[in-house]
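Colleague: I should like to go through this model with you, pair by pair and helix by helix. Please give the reasoning with each reply.

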Amino acid sequence: MVTVCMRLLSKYRELIVYVIVGVLTTIVSLLSYYLFAYTLEIQYLISNFLSWVCAVVFAYITNKVWVFQNYDFALSNIVKEIVAFIGARIATLGIDMLIMFVMVDMLSLQDLVAKITVQVIVTILNYILSKFLVFRKGA
């Protein structure tokens, strides 16, 4: 039984670590959103953008090192990765902002409910883009 579990952990390590990092990134996003929107009373779309910035910085570092175990710290590689990472995150930010607008302004859902729903969608898209675009092997 232990051997089977170890094989499964080894086989799915990247995905398991991504889920853990994704949860931590979501926590960073939600806490920073709460700080901006409720503590500092900044408009919800601006708060959403600021929470996105906090989450992207956290996500780049943790994805590079822990999820995709990319230890190439050559400046040219880091610049290339950061450009691709931010580009991918800007694409999912557009999706994030659109869904937030639709859910809050058009469907009148509570903003934190919308934010949590959006995080699930964005997390899946970010994994796909990071794995196949930003941190792909042999790139």
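Colleague: Is Tyr-38 buried, exposed or partly exposed?
Modeller: The model is a predicted one, and the accessibility is computed from it. Buried would require under 20% relative accessible area and exposed over 50%. Tyr-38 has a relative accessible area of 36%, so Tyr-38 is partly exposed.

Colleague: In which helix do Tyr-34 and Tyr-38 lie, and how many residues apart are they?
Modeller: Tyr-34, at 45% relative accessibility, also counts as partly exposed. The separation of Tyr-34 and Tyr-38 corresponds to about one turn of the helix. Both lie in helix 2, and their spacing is 4 residues.

Colleague: How many aromatic pairs are there, and are the rings of Tyr-34 and Tyr-38 stacked or tilted?
Modeller: The count of aromatic pairs comes to 8. For Tyr-34 and Tyr-38, the ring centres are 5.1 Å apart and the planes stand at 20°. Planes under 30 degrees apart count as stacked, so the pair Tyr-34 and Tyr-38 is stacked.

Colleague: Are the rings of Phe-85 and Phe-135 stacked or tilted?
Modeller: The centres of these two rings, Phe-85 and Phe-135, are 6.0 Å apart, with the planes at 55°. Stacked would need an angle under 30 degrees and edge-to-face one over 60. The angle falls in neither range, so the pair Phe-85 and Phe-135 is tilted.

Colleague: How many residues apart in sequence are the parts that Phe-85 and Phe-135 tie together?
Modeller: Phe-85 belongs to helix 4, whereas Phe-135 is in the segment after helix 5. Both Phe-85 and Phe-135 are buried. The pair therefore ties together parts whose separation in sequence is 50 residues.

Colleague: Which residues form one aromatic cluster?
Modeller: Phe-85 and Phe-135, the tilted pair, both belong to the cluster. The complete cluster consists of Tyr-18, Tyr-60, Phe-68, Phe-85, Tyr-127 and Phe-135.

Colleague: Which helix gives the most to the largest nonpolar core?
Modeller: That core has 15 residues, of which Tyr-60, Val-67, Phe-68, Phe-85 and Phe-135 touch the most other members. At least two residues of this core come from each of helix 2, helix 3, helix 4 and helix 5. The most, 5 residues, are given by helix 3.

Colleague: How many residues does the second, separate core have?
Modeller: This core is separate from the one just described. Its members include Ala-37, Tyr-44, Val-104 and Val-118. The number of residues in this second core is 9.

Colleague: How many residues apart in sequence are the parts tied together by Lys-131 and Glu-14?
Modeller: Lys-131 and Glu-14 form a salt bridge, with their closest N and O atoms 2.7 Å apart. Lys-131 is partly exposed at 26% relative accessibility, whereas Glu-14, at 17%, counts as buried. Lys-131 lies in helix 5 and Glu-14 in helix 2, so the parts tied together are separated in sequence by 117 residues.

Colleague: Over the face of which residue does Lys-64 lie?
Modeller: Lys-64 also forms a salt bridge with Glu-81, the closest N and O atoms being 2.8 Å apart. Lys-64 lies in helix 3 and Glu-81 in helix 4, so this pair ties together parts 17 residues apart in sequence. Both Lys-64 and Glu-81 are buried. At 5.0 Å from the ring centre, Lys-64 lies over the face of Phe-73.

Colleague: With which residue does Asp-96 form a salt bridge?
Modeller: Asp-96 lies in helix 4 and its partner in helix 5, so the pair ties together parts 19 residues apart in sequence. Asp-96 counts as buried at 3% relative accessibility, and the partner counts as buried at 1%. The closest N and O atoms are 3.9 Å apart, and the partner is Lys-115.

Colleague: How far apart are the end C-alpha atoms of helix 4?
Modeller: Helix 4 comprises 32 residues, 75–106. At 1.5 Å a residue, helix 4 should span 46 Å. The value in the model agrees with this expectation, for the end C-alpha atoms are separated by 44 Å.

Colleague: Against which helices do the buried residues of helix 4 pack?
Modeller: The buried residues of helix 4 include Ile-78, Phe-85, Leu-93, Met-100 and Val-104. Their packing partners are helix 2 (13–39), helix 3 (44–67) and helix 5 (111–134).

Technical notes:
Residues are numbered from 1 along each chain as its sequence is written. This is a predicted model: local features need pLDDT of at least 70, side-chain atom pairs count only at pLDDT 80 or more; totals for chains, interfaces and linings use all residues. Side-chain values use heavy atoms; hydrogens and water are left out. The expected span of a helix is 1.5 Å times one less than its number of residues. Buried means under 20% relative accessible area, exposed over 50%, partly exposed in between (1.4 Å probe, protein chains only). Contact means heavy atoms within 4.5 Å. Rings of Phe, Tyr and Trp (its six-membered ring) pair if their centres lie within 6.5 Å; planes under 30 degrees apart count as stacked, over 60 as edge-to-face and the rest as tilted. A charge sits over a ring if NZ of Lys or CZ of Arg is within 6 Å of the ring centre and within 35 degrees of the ring normal. A nonpolar core is a set of buried Ala, Val, Leu, Ile, Met, Phe, Trp, Tyr and Cys residues joined through side-chain atoms within 4.5 Å. A salt bridge is a side-chain nitrogen of Lys or Arg within 4 Å of a carboxyl oxygen of Asp or Glu.
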